[in-house]
Amino acid sequence: MVDIVMPRLSDSMEEGTVLRWLKGVGDEVAVGEELVEIETDKANMVYESDTAGVLTEILAQEGDTLPVGETIAQVGDASEVVEGGAAGGAAGGHAPSTRSEGADGGNGATSPVTAPAAASSAPAATQPPPSPQPGPSAPAGGDGRVKASPIARRMATDRGLDLHGLSGSGPGGRIVKADVERALASGTAPAGAAPPAAPAATPSALPPPAAPAGPTPGVSEKPETAKGQVEVVELTRLQQTVARRMAESKATAPHFYLQAELDMTSAVEGRKRLKVMAKEGEAVPTFNDMVIKACALALREHPRANGAYRDGRIELYSRINVGVAVAAQDALVVPTVFDADLKGLRQIGTETRALAARVRDGSITPPELSGGTFTVSNLGMYGISNFHAVINTPQAGILAVGELKAKPVVTESGEIEARQMMGVTLACDHRILYGADGAIFLSRVRELLEEPIGLAL
């Protein structure tokens with residue numbers, strides 16, 4: 001009998017959550033066949049079996065989170081099948097899901113969703129769904145919260161279901177995803193009670209100036225109820241990783257910031273010409289694509305900015321891979337444009353669009369999220385003029401890009417002229433880059449964007 005353990009599906013993965021078993025106990029498993037869908041710290045992925053045989057026992061239920069290397073199932077001979085060992089898988093056939101379950105944003109990584117089952121026959125469709133048999137409600141923890149897996153809790157929140165009153169089939173009565181799906185299918189799951197409508201406010205006359213001020217409405221409030229009903233939202237694996245890494249970055253990397261305003265007038269004119277020259281259906285590079293290319297060329301000339309601080313030493317990298325921050329559903333994901341200094345603007349534009357689309361539909365893979373040596377984050381599309389981004393450690397820096405906007409500028413001749421200006425902020429790790437290093441690097445980025453013909457050379 002061979003143990004199937006929680007696999008390491010990304011370089012930073014420490015634990016994973018079982019989302020869906022694609023095989024059941026007693027099923028034949030071939031090498032390379034999809035076995036289980038797992039939520040990692042970066043994306044939802046399907047693990048393919050590296051051994052052949054019969055799935056004899058499932059040890060990890062759907063929704064369980066286990067560390068890398070922990071046994072989740074066993075594969076052996078048909079004679080070794082453990083009765084009742086289908087802890088997480090549903091009985092019967094298991095069709096692999098075409099998309100993973102909603103994890104995020106982010107976005108965030110987002111989750112693939114299992115394809116709906118085929119509709120039943122026409123006579124059966126006219127019969128009302130059977131009411132679920134009453135069972136003991138799921139036990140509550142010490143804090144009064146119902147015991148439920150993260151994915152079951154997210155599904156219930158999305159559908160407006162109240163987990164109180166549902167019976168759980170997981171260990172210790174824990175509510176798992178299958179319990180929520182059954183409740184949704186029956187149409188009789190208890191819904192959360194709507195909060196009572198607030199009474200309509202009635203206007204009151206102001207007291208005369210001489211009258212003493214009366215108590216405010218807050219005098220009767222209690223601290224424990226003053227904020228109203230409290231909803232606790234469980235973080236996905238991706239959100240937990242982002243939160244941990246951002247906290248570590250701000251706590252360990254001594255950030256300093258350099259701001260500049262770039263004159264993008266020539267870049268705007270250049271992009272207009274690219275639009276005219278573009279063939280029908282051909283993507284035109286965005287201004288963010290130009291920023292990525294400018295940073296890549298500047299990194300080639302200033303290799304210290306293309307490095308990382310690790311264990312008291314500085315690592316300098318030969319490849320220039322620029323990460324692009326993408327807002328997924330409730331998370332931030334940074335896919336990578338590899339060898340950005342060697343690619344043209346059109347190729348960079350094509351790749352960034354494809355990466356952003358893969359982030360938002362949840363099909364991005366861990367390799368596409370790894371290997372970055374520098375990061376660009378752009379919030380200009382939201383009307384943000386400038387902001388300070390958190391360094392994606394152990395990288396040396398990150399460039400925050402604000403909106404591009406026409407502003408009045410005093411020219412060298414003393415005249416006022418409307419110019420297309422864009423604010424940028426370079427965050428640097430002071431352990432790698434000093435003030436002058438960052439200023440020289442940012443100055444080169446400015447030169448390349450203000451005279452964008454250099455981006456095409």
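# Briefing: two sheets and a buried helix

Leu-399 has Leu-426 of strand 18 as its bridge partner. That pair belongs to a predicted model. Leu-399 falls within strand 17, residues 397-410, and Leu-426 within strand 18, residues 416-429. Both strands are part of an open sheet of six strands. Helix 6 and helix 8 each lie across several strands, strand 17 and strand 18 among them. A four-stranded open sheet is also present.

**Six-stranded sheet**

- The strand order is 9-18-17-16-12-15, and the pairing is mixed.
- Strand 9 (255-263) and strand 15 (336-337) are the edges, each pairing on one side only.
- Strands of a sheet pair through backbone hydrogen bonds, in either a parallel or an antiparallel arrangement.
- Strand 17 and strand 18 run antiparallel and are joined by twelve bridges.
- Gly-397 has Cys-428 as its bridge partner in strand 18.
- Cys-428 is buried, because its relative accessible area is 0%, against a cut-off of under 20%.
- Strand 17 and strand 18 make a hairpin, with five residues between them.
- Gly-414 sits in that turn and has a positive phi of about 90 degrees.
- On its other side, strand 18 pairs with strand 9, in the antiparallel sense, over nine bridges.
- One of the pairs there links Gln-259 to Thr-425 of strand 18.

**Helices across the sheet**

- Helix 6 (residues 287-301) lies across strand 12 (322-324), strand 16 (374-378), strand 17 and strand 18.
- The angle between helix 6 and strand 16 is about 155 degrees.
- Helix 8 (residues 435-450) lies across strand 9, strand 16, strand 17 and strand 18.
- Helix 8 runs at about 25 degrees to strand 9.

**Helix 6 in detail**

- Thr-286 caps the N-terminal end of helix 6. A side-chain oxygen of Thr-286 lies 3.3 Å from the backbone nitrogen of Asn-288.
- The length of helix 6 agrees with expectation: 15 residues at 1.5 Å a residue should span 21 Å, and the end C-alpha atoms are 21 Å apart.
- Twelve of its 15 residues are buried, so helix 6 is largely enclosed by the rest of the structure.
- The buried set includes the polar or charged names Asn-288, Asp-289 and Lys-293, along with Met-290, Val-291, Ile-292 and Leu-297.
- Cys-295 counts as buried because its relative accessibility is 0%.

**Asp-341 and its contacts**

- Asp-341 is in the loop between strand 15 and helix 7 (345-361).
- Its relative accessible area is 11%, which is under 20%, so Asp-341 is buried.
- Neighbours within four places in sequence aside, Asp-341 contacts Lys-293, Ala-296, Leu-297, Arg-300 and Ile-320.
- Of these, Lys-293, Ala-296 and Leu-297 are among the buried residues of helix 6.

**Cysteines**

- The disulfide count is zero, with a cut-off of 2.5 Å between cysteine sulfur atoms.
- Cys-295 and Cys-428 are both buried, each at 0%.

**Four-stranded sheet**

- The strand order is 1-8-6-3, and the pairing is antiparallel.
- Strand 1 (2-5) and strand 3 (28-29) are the edges, each pairing on one side only.
- Strand 1 pairs with strand 8 (residues 71-76) over four bridges, in the antiparallel sense.
- Val-2 has Val-75 of strand 8 as its bridge partner.

Methods:
Residues are numbered from 1 along each chain as its sequence is written. This is a predicted model: local features need pLDDT of at least 70, side-chain atom pairs count only at pLDDT 80 or more; totals for chains, interfaces and linings use all residues. Side-chain values use heavy atoms; hydrogens and water are left out. Two strands pair if DSSP finds at least two bridges between them. Contact means heavy atoms within 4.5 Å. Axes are lines fitted to C-alpha atoms, for helices over the stretch in contact, and angles run from 0 to 180 degrees between N-to-C directions. The expected span of a helix is 1.5 Å times one less than its number of residues. Buried means under 20% relative accessible area, exposed over 50%, partly exposed in between (1.4 Å probe, protein chains only). A polar contact is a pair of N or O atoms within 3.5 Å; within protein, one must be able to donate a hydrogen and the other to accept it, and residues adjacent in sequence count only if both atoms are side-chain atoms.
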